Number of protein chains: 2
Amino acid sequence: MANILDKISTVADIKKLDSEELNSLCAEIRNCILTKVSKVGGHLGPNLGIIELTVALHYVFNSPSDKFVWDVSHQAYAHKILTGRKEAFQFEDKYKTVTGFTSHRESEHDFFTVGHTSTSVSLASGLAKARDIKGTKENIVAIIGDGSLSGGEAFEGLDNVAEFKSNFITIVNDNEMSIAENHGGIYGNLALLRKTKGTAETNLFKALGFKYVYIEEGNNVNVLIEELQKIKDIQEPIVVHVHTQKGKGYSYAENYRERFHWTPPFDIETGNPLGQNSTETYKRVVINHITDKIHEDNRIVVINAAVPGALDLVQFRENHPEKYFDVGIAEEHAIAFSSGLASQGMKPIAFFPSTFIQRAYDQISQDLCINSNPAVIMVENAGISGADVTHLGMFDIPMMSNIPNLVYLAPANKEEVTAMIDWALEQTDFPVALRISASSIKELKSKLSLKYELNKFEKVTEGSKVAIIGVGNFFSLGEEVAEQLKKKGITPTLINPRFITGSDEELLTSLLENHDTVVTLEDGVVNGGFGEKIASFFGPTSMKVFNYGAQKEFTDAVPLDQLYKKYHLTPEQIVEDILK
Amino acid sequence: MANILDKISTVADIKKLDSEELNSLCAEIRNCILTKVSKVGGHLGPNLGIIELTVALHYVFNSPSDKFVWDVSHQAYAHKILTGRKEAFQFEDKYKTVTGFTSHRESEHDFFTVGHTSTSVSLASGLAKARDIKGTKENIVAIIGDGSLSGGEAFEGLDNVAEFKSNFITIVNDNEMSIAENHGGIYGNLALLRKTKGTAETNLFKALGFKYVYIEEGNNVNVLIEELQKIKDIQEPIVVHVHTQKGKGYSYAENYRERFHWTPPFDIETGNPLGQNSTETYKRVVINHITDKIHEDNRIVVINAAVPGALDLVQFRENHPEKYFDVGIAEEHAIAFSSGLASQGMKPIAFFPSTFIQRAYDQISQDLCINSNPAVIMVENAGISGADVTHLGMFDIPMMSNIPNLVYLAPANKEEVTAMIDWALEQTDFPVALRISASSIKELKSKLSLKYELNKFEKVTEGSKVAIIGVGNFFSLGEEVAEQLKKKGITPTLINPRFITGSDEELLTSLLENHDTVVTLEDGVVNGGFGEKIASFFGPTSMKVFNYGAQKEFTDAVPLDQLYKKYHLTPEQIVEDILK
């Protein structure tokens, strides 16, 4: 058979295909996606499951005049292939020409740059209201996975658009899974609706005021087209509940749905990951230590908001299901739940990637910190990175460390990770967060004390003239800077601050005696962070202060070494600055 | 009839009352609340509506062993009266001995200090899970108003507890209103359930997996007791939907439900507010100007999340309903909705009090700023204040100003408020937020330029030695400091930075020529704020920098003058510091 994908230059070309060609197109897209992801990694399961739906959407609607908003947008590979970006999936040398998510800078078919879940309905609601005010007539289509429905923002959006009096189409792509298994009462209702082919009276979407239709054959492109044509141009809010299969068409992804949600490069024949990375991580140190601790202290429980894989919690979940609570994609609830547990003497440890804890700023402040409940928060995958713009982990210090009552700790090596977990669990006065670096584990030359007193920094090496304060995993950068300064005849004082949220005024004041320069190093954005507080402390004195960290900017998949150079974060650059 | 309230020393005493006495108790509580609120202001409608339910809850359950969690807790006055704090409502000289919200520091019957909405179910879920792990048997009861149900955190909580296999009682106190009118699809379902006395098949709570009962006579204490006794000790999650009347028993509050949700002191006979405050506010300046602008530019629309009264938007809502979108208590959605609107060339202006915008940190960062959509955000009621701990407006600078792409403006007087609104609406490159002070309007001695270029500060007065940078409404404090310094022989440079999120490096560098001291003044917490960035900028130089603002702490209804003294924010204190 001829190659159909070659015929698709614009989305208009899809509409010229017959039923059989549409099936072939889906198969070709599937092959592209499978091949690319097997070579460079990426979101596999969600993309394989939604190919037919994507083709059908582009067949029935007229993008970009009709507007698709993809929730999380990790399922938008087929959409990218169909909207002028197929080469980025066909040719290995072009793989990197597109991002892994929708990007408003990449295509007129992408209305938003998205990477956090549960936002599609709200974002699309703005498109719909703008349309109504302008008096145009296009369809607005939000495509949201069942997993994303547990997030509060999705509910707020659905609750609002249910009252719209005009076209608004919410496609619920129900593959029976979140990133991991689903958690929450709504999933009982989705199961009932699937079981009854959408006919059950008890219907969450109808209760919210939506018109509702159910499509069982969510991986049958011709059925999808037929059904979608019926609701195109509908003049009221509707939920189209589509039953799809996560990982469709690749048996390993069908059978191991969690493992193939996002996967590193793998062998297509065996499904096995290529180039196994066995490096020990800080994440592993954390969960191994907590696994040890739960045998000593039955008050410890682990809370997670739907990302056990990304946080290396899968094994813990399997071995200790009674100690593990996955609340689904519900970060706000995760913090409030933890606060409630801690108020009753339990020792909840709530795990988040730095980028997703952003969802819970108010809950950390109000539900947790005002109440001073001693829950423990692990902020993982933290630090400057080459991540996609939506998944940066470098804003948690300004976000969290300026909230009163919170103690935010920055372990400098793996011994300190475990010692700080112990300290956090033993004390009962404060909520305590630990900043767990995304970097690989580094062995320090220094020996740390591992004894903690609130807001007391540790002078690890006593020197003079220059004092270097290296926060968390950047303490090792401080060691490197110190090493190079020694070669220039300066033996600097080296400080491990340990407490991001504190200021050891006694120690800082003592530096004034025989230092004229303080250097702060933090693995995150400088604005609003740790170093600026040191600069402010020394503001009224003659001490010179240099703050190092990232600039306040959104970077998008920029290689880490480029960022370090740009931010003057190599030891050589720092030494040069100081000597100037 | 004897005074029943006098007999109530502990909650156990309630259980000794007969049916008639219970009614009398409710009447006495109603009288206490009405009298107190008429004299000192407070939440009236919510409290009058829930008296019978509160008495019934305390009659049926055994607090604090059974645990009540009150959502927002602005309806907890009767609960306070019944739990050892009645004098604070009976005697004028004791009025101030309790806060307006539940407080875990105030009573063993209050499990959390709460003031933001939609948290009760999540917080209570932690109490329930702790109970199950410990193996105790108490009832956990979350009491949540219909208005609070639109908040995403409430949904996340409900979705999670629906899967619990043990006792969890959610009381939905349905008074048919949020703070203002309800907005969202769920309210259609609540109306249907009220209309069908809970019998409708379409039932949001059942769809989530809850057992469900409906109580129509929510202001009949005896009926409530009878019904609650039936579900006490239930071993599964249940929603008890109680229909109550907001403002019950005081005709003005029954008829003017929005006005009497929260009210300043008023005359009980006429319902008229006492001591009308006609002072012009910055809020009024804002909405008056926007009202003018909508006639010139039909792309402008106003977004608000359920607090039109607090933000002086009621008149605008009445006069321009087609330009006004109240999304209900749904701050996350409000930002994403605004981003969607702005992406289509609309000019949404979203209004929040500083304390509630905390709910939307991630949406500001991801949904709005990564997408660079030029929505406008009004952050009102901002600044250090004597507010309750849950309603402080002094954390928005660290929260917002460290997010890339956002332009955060601080108008220094009312002319600048309007000029900055114009600037924000004219540009299309960035999301722009304006920080609108809670303070009264001050006339400046200086004349400001009102011409803006991104991140350019204005040198309002050229001086030497000392430069004072006064952010927003604290520019006037800068003027006062300058005045006093002049008397000491120093004519300082006075700077209006205008851009909280920017740093005018050229202007700052120029200060090095003939200044040795820079003073920053900001009406918010210093940590993570504006001043620290100035200190960091000058860190490597010999410039002395003094940062003034609030300490990082939660204050709870501490009078403003006390706070100013504590934070060294009087002109005298600042001058003394500088001269030292």
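## Domains, core and a parallel sheet

In this predicted model, chain A is divided into domain 1 (5-11 + 18-263), domain 2 (282-437) and domain 3 (458-579), with bounds that come from an automatic or database domain assignment. The centres of domain 1 and domain 3 of chain A, taken over C-alpha atoms, are 46 Å apart. Residues are numbered from 1 along each chain as its sequence is written, and chains are lettered from A in the order in which they are written. Local features need pLDDT of at least 70 and side-chain atom pairs count only at pLDDT 80 or more, whereas totals for chains, interfaces and linings use all residues; side-chain values use heavy atoms, without hydrogens and water.

The largest nonpolar core (buried Ala, Val, Leu, Ile, Met, Phe, Trp, Tyr and Cys residues joined through side-chain atoms within 4.5 Å; buried means under 20% relative accessible area with a 1.4 Å probe, protein chains only) has 232 residues, and Phe205(A), Ile364(A), Phe205(B) and Ile364(B) have the most contacts inside it. Among the residues that Ile364(B) touches (heavy atoms within 4.5 Å) are Ile335(B), Met399(B) and Leu406(B).

Chain B holds an open sheet of 6 strands (DSSP runs of E, at least two residues) in the order β9-β8-β10-β11-β13-β12, with parallel pairing, where pairing requires at least two DSSP bridges. Its edge strands, each pairing on one side only, are tabulated here.

| Edge strand | Residues |
|---|---|
| β9(B) | 324-326 |
| β12(B) | 407-409 |

β12(B) pairs with β13(B) (residues 432-437) over 3 bridges in the parallel sense, and Tyr408(B) stands opposite Ala433(B) in β13(B).

Technical notes:
Buried < 20%, exposed > 50% of the residue type's maximum accessible area, 1.4 Å probe, protein only. Helix = DSSP H or I, 4+ residues; strand = E, 2+ residues; numbered from the N terminus. Lists of a residue's contacts leave out its neighbours within four places in sequence.
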